[in-house]
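Good morning, colleagues. I would like to take a few minutes to walk through one structure with you. Please turn to the sequence and the model.

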Amino acid sequence: MGRCRGNLGPRQRRLRWQAAAAAALTIAALLPFAETFGVLVVLVVLVGLGSFCALQARAHTCAVLAMRGLRNLDRGVEPEPDHLARVQAIAAAHRIVLGCAGTTVGAAVLAMLC
């Protein structure tokens, strides 16, 4: 099977890369203050958010839109007319969510060990 063409346009992908970069920069700024429980929780949430955005941008797929059978190719949200593209986008969305969950759980375990 070929590569999924995704349900995001270039502008939407760029926005997700920017959100992932903002999360990474915020994590880097908060890391010296990671001694309190509250800051650790914020760091874990930011790791989850950043990984979710980065995985979506890398896969050219918005997980939320894919699960609803929609796409946003920079012309606004619209239904995905192609059945195969819908199925591929849903499979990519599952991979995105699982990857994000794994990254977030890993960050939480590391936070508990520190």
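Let me begin with a question: is Arg75 buried or exposed? Arg75 is exposed, since its relative accessible area is 60% and the exposed class begins over 50%. Please keep in mind throughout that we are looking at a predicted model.

Arg75 also leads us to the charged side chains. Arg75 makes a salt bridge to Glu78, with 3.1 Å between the closest N and O atoms. Through shared partners, salt bridges link Arg71, Arg75, Glu78 and Glu80 into one network. Glu78 pairs with Arg71 as well, and there the closest N and O atoms lie 2.8 Å apart. Arg71 in turn meets Glu80 in a salt bridge, at 3.6 Å from N to O. The count of salt bridges comes to three. As for their surroundings, Glu78 and Arg71 are both buried, and Glu80 is buried too. As a general remark, side chains of opposite charge can pair when their charged atoms come close.

I turn now to helix α2. This helix covers residues 37-59, which makes 23 residues. From its first C-alpha to its last, α2 reaches 33 Å, close to the 33 Å expected at 1.5 Å a residue. Several of its residues are buried, among them Val39, Leu40, Leu43, Val44 and Leu46. The buried residues of α2 also include Gly48, Gly50, Ser51 and Cys53. What covers them? The cover includes α1 (10-30), α3 (63-67) and α4 (83-113). Just after α2 comes His60, with a positive phi of about 60°.

Cys53, which I named among the buried residues of α2, brings me to the last topic, the cysteines. How many disulfides does the structure hold? It holds zero. A disulfide is, in general, a covalent bond between the sulfur atoms of two cysteines. Why does Cys62 not form one? Its closest cysteine sulfur, in Cys53, is 9.5 Å away, which is too far for a bond. Cys62 counts as buried, at 6% relative accessibility.

The case of Cys100 can be argued in a similar manner. The closest cysteine sulfur to that of Cys100 is again in Cys53, at 8.7 Å, and therefore too far for a bond. Cys100 is buried as well, because its relative accessible area is 12% and the limit for that class is under 20%.

To close, I would ask you to locate Arg75 once more, the exposed member of the network that also joins Arg71, Glu78 and Glu80. Thank you for your attention.

Definitions and conventions. Residues numbered from 1 in each chain as written. Predicted model: local features only at pLDDT ≥ 70, side-chain atom pairs only at ≥ 80, totals over all residues. Heavy atoms only, no water. Salt bridge = Lys/Arg side-chain N within 4 Å of Asp/Glu carboxyl O. Buried < 20%, exposed > 50% of the residue type's maximum accessible area, 1.4 Å probe, protein only. Helix = DSSP H or I, 4+ residues; strand = E, 2+ residues; numbered from the N terminus. Expected span 1.5 Å × (residues − 1). Contact = heavy atoms within 4.5 Å. Disulfide = S-S within 2.5 Å.
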